[in-house]
Amino acid sequence: MLPIALTPGDPAGIGPDITLLAWVDRAATALPAFVVVGDAEALSTRATELGLTVPIRRVGHASEAVSAFADALPVLHQPLPQHPRAGAPTAENGAAVIRAIETAPVLAMQGHVRAVTTAPIAKHVLYRAGFTHPGHTEFLHALSLINAPSKTAPRPVMLLVADDLRAAPLTIHEAIRDVPSLITAEAIDETVRILDDGLRSSFGLPSPRIAVSGLNPHAGEAGTIGCEDRDIIEPSIKTLVADGIHVTGPHSADTMFHREAREAYDAALTMFHDQALIPVKTLAFD
């Protein structure tokens with residue numbers, strides 16, 4: 001089986017620690033093999049600082065990771081220009097962090113790895129190194145456009161999965177003031193269809209149930225607290241239902257996430273970032 005590519009994020013952040021500890025716990029947690037796209041020397045130094053015994057093995061190709069993984073942490077070495085100090089991210093290492101994130105999706109799209117996992121980045125220092133995206137999700141989408149043979153890629157969908165809760169925001173890293181203008185019938189239609197397909201193909205659900213939130217309090221109260229729910233979201237849902245997709249809504253976002261409500265759907269689609277991430281992080285922060 002192909003390995004997973006892991007980008008360790010900011011070398012001064014928590015990413016290298018999580019990477020090293022994941023390898024240490026690989027047997028206990030039944031982790032599949034992964035290959036790190038990053039600086040082998042920095043990882044080795046950090047392991048020593050944490051008191052961890054982690055043999056590092058530089059590999060020349062992702063395919064070597066599977067056989068190496070049992071005995072050593074495989075690394076596709078990409079050197080950092082500056083030795084990192086934990087807790088002190090620098091723009092000097094920003095270009096290397098960006099390069100690692102650029103490398104991993106190419107490995108996936110070329111069929112050398114089966115997935116990509118990303119550790120946290122410090123966007124404020126990456127901006128000083130030329131990073132222009134609000135976050136990983138948007139950057140990965142841009143990279144997929146660059147590297148796709150057709151130069152087209154579907155809408156990126158961020159799906160949060162925690163225990164029995166799956167939640168996806170329609171708009172991702174957007175200012176609240178901009179959200180209403182981004183809620184369109186096309187966006188809802190494409191996102192629900194991608195979500196429905198993903199629930200079938202990745203989660204094995206033959207007939208996924210998707211609950212869609214409203215934008216406004218109480219899903220707009222029939223247009224008395226904003227019209228987006230009545231004029232955009234509700235008609236979009238009716239179109240999807242007519243096409244055989246099991247989708248309901250718009251539901252008031254403040255009543256969608258208690259235990260009984262979650263039993264009625266397999267995934268929730270919300271209108272903006274915090275509607276999805278607050279319940280996920282409240283119910284299953286770790």
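These are short notes on a predicted model, moving from the whole chain to two of its helices.

1. Overall make-up. The protein chain holds 11 helices and 10 strands. Its radius of gyration is 21 Å, close to the 19 Å that the globule rule gives for 286 residues, so the chain is as compact as a globular protein of that length. Along the principal axes, the C-alpha atoms fill a box of roughly 60 × 40 × 40 Å.

2. Burial and surface. Of the 286 residues, 45% are buried. The accessible surface comes to about 14100 Å². Carbon and sulfur atoms account for 56% of that surface.

3. Contacts along the sequence. Take the contacts between residues at least 6 apart in sequence: 67% of them join residues at least 24 apart.

4. Helix 2, two sides. This helix covers residues 40-50. Ala40, Ala42, Leu43, Arg46 and Ala47 are buried. Seen down the helix axis, these buried residues fall within an arc of 160 degrees, so they line one face. Glu41 and Thr48 sit on the other side and are exposed.

5. Helix 2, partners and ends. Its buried residues pack against helix 1 (15-24), strand 2 (34-38), strand 3 (56-58) and strand 4 (73-77). Asp39 caps the N-terminal end, with a side-chain oxygen 2.9 Å from the backbone nitrogen of Glu41. Just after the helix, Gly51 has a positive phi of about 75 degrees.

6. Helix 4. Residues 94-109 form this helix. At 1.5 Å a residue, its 16 residues should span 22 Å; the end C-alpha atoms are 24 Å apart, which agrees. Its buried residues include Val97, Ile98, Ile101 and Leu107. Gly111, just after helix 4, takes a positive phi of about 85 degrees.

Technical notes. Residues are numbered from 1 along each chain as its sequence is written. This is a predicted model: local features need pLDDT of at least 70, side-chain atom pairs count only at pLDDT 80 or more; totals for chains, interfaces and linings use all residues. Side-chain values use heavy atoms; hydrogens and water are left out. Buried means under 20% relative accessible area, exposed over 50%, partly exposed in between (1.4 Å probe, protein chains only). Helices (H or I, at least four residues) and strands (E, at least two) are DSSP runs, numbered from the N terminus. The arc is that of the directions from the helix axis to the C-beta atoms. Contact means heavy atoms within 4.5 Å. A polar contact is a pair of N or O atoms within 3.5 Å; within protein, one must be able to donate a hydrogen and the other to accept it, and residues adjacent in sequence count only if both atoms are side-chain atoms. The expected span of a helix is 1.5 Å times one less than its number of residues. The radius of gyration is taken over C-alpha atoms; the globule rule is 2.2 Å times the number of residues to the power 0.38. Accessible areas come from the Shrake-Rupley method with a 1.4 Å probe; for residues, only the protein chains shown count as cover.
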